[in-house]
Amino acid sequence: MPGINYEDFLDLDHDPRDSELVCTFAVEPASDMDLEAAAGRVASESSNGTWAELQVEGSITDLSATAFEIDEERGTVTVAYPDALFEAGNMPQVLSCIAGNILGMKAVERIRLLDCEWPEPLATSFPGPQFGTSVREEVFGAGDRPITATVPKPKVGLSTDQHAEIGYQAWTGGLDLLKDDENLTDQDFNPFRERLTESLAQRDRAEDETGERKSYLVNVTADAHRMLERVDLVAEHGGEYVMVDVVTCGWAAVQRVRERCDEHGLAIHAHRAMHAAFDRVPDHGVSMRVLAQITRLCGADQLHTGTADLGKLENEDTAGINEWLYGDLHGLRDVLPVASGGLHPGLVPELIDRLGTNLCIQAGGGVHGHPEGTHAGAKALRAAVDAAAAGESIESKAEQVPELATAVEKWGTETPR
Ligand code: CAP
Ligand code: MG
């Protein structure tokens, strides 16, 4: 019977079973409570306990979580959850346990879900990515260089023809991927179906002219039913990818899209707009590390994880998250990290020094803001990536590629804000 005493959810001698999900929380207890008392409440409220005495007839399945590690110095609590608490393959239900009511409970002033260790039964109940980092080779034949992407700017407002023309200029300038921006979906000025067909037509033209593989990250973000219709359209018109704003869409919708993409063999590019609502305040919420884990389990192939603080947006441990995304997860495929946000050619050498080449590098303003326009901006970014991947200095490359010299002259190695 679930303990009505929070102490029933605390056992510092507990040794988690291999089948248990282990979650680490940063916890600041309420002023009238110590960390141990808060720990019992966190384990209780996130599994099967409550505050009131319960009169329950007969036996019930014991699904109680156990707070088994308390680190007073770090201010962390580690909790083990029995496998039977979770519905296999149901990410919303898992999050309703480990990132649900406890984030608002009065027993804590602040609480942040820092990290999860996913046990095999639960992890493998999710599909994971279909391609992961293999897209670099399987889709683009990019060898060991990072693949490159650009998003038309202004982020919304361009017509379909302007959008597709920018794509042509970027692809023929040497970039691999054209990406929709996170808030471009199906608006009157640039409808989804027309943008898809016109951009793919320009993609085909650019492939013919360059002899290189090119692709398009069209944003299918919408309600789940409409997203599936858009995924089908992408497949029908010969696309290789769909882009999903995974946080604003919700994990249930992401799981449905992943199933549909499996049927069509389409890769998923995950944009993380709204993640900062959960992960920016350092001592409360859900870490980007955990959001990346959820995204991998639900099956995205590529995920924005930041620029290791080189770009315009706040980042959390980009390199550490990327390492986790590459690492083994009970045989599930890995994920290709996407570095984006304020990047331009002058930042590429330092970016690759910090994050390596198993990466997608995306630049919007850093391509279209080039003094000679998109095509030159694309040439500059591609040249900077080729040089860094080959261990050549950007200065030496800039002597061969004048567009790169212009970009470096304009932006240097500054981080835009
Ligand atoms: C980048 C971007 C991306 C951000 C998302 C933007 O444009 O298109 O959405 O990179 O942030 O709208 O800002 P720029 P993150 O290249 O012009 O900055 O990658 O951190 O999720
Ligand atoms: Mg954007």
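Student: Are Asp181 and Glu182 buried or exposed?
Tutor: In this predicted model, both Asp181 and Glu182 are buried (under 20% relative accessible area with a 1.4 Å probe, counting protein chains only; exposed is over 50%, partly exposed in between). Local features need pLDDT of at least 70 and side-chain atom pairs 80 or more, while totals for chains, interfaces and linings use all residues. Residues are numbered from 1 along each chain as its sequence is written, chains are lettered from A and ligands numbered from 1 in written order, and side-chain values use heavy atoms, without hydrogens and water.

Student: Which protein donors does the magnesium ion have?
Tutor: Asp181 through OD and Glu182 through OE are the protein donors of the magnesium ion, ligand 2, lying 1.8 to 2.0 Å from it (N, O or S within 2.8 Å, or 3.2 Å for Na, K and Ca; water is absent, so sites may look incomplete).

Student: OK, and ligand 1, what does Asp181 do there?
Tutor: A polar side-chain atom of Asp181 lies 3.0 Å from an oxygen atom of ligand 1.

Student: How far is Lys155 from an oxygen of ligand 1, then?
Tutor: A polar side-chain atom of Lys155 is 2.8 Å from an oxygen atom of ligand 1, and a polar backbone atom of Gly364 also lies 2.8 Å from an oxygen atom of this ligand.

Student: How much of ligand 1 does the protein cover?
Tutor: Of the 480 Å² of accessible area that ligand 1 has on its own, the protein covers 93% (Shrake-Rupley, 1.4 Å probe).

How values were computed:
A polar contact is a pair of N or O atoms within 3.5 Å; within protein, one must be able to donate a hydrogen and the other to accept it, and residues adjacent in sequence count only if both atoms are side-chain atoms.
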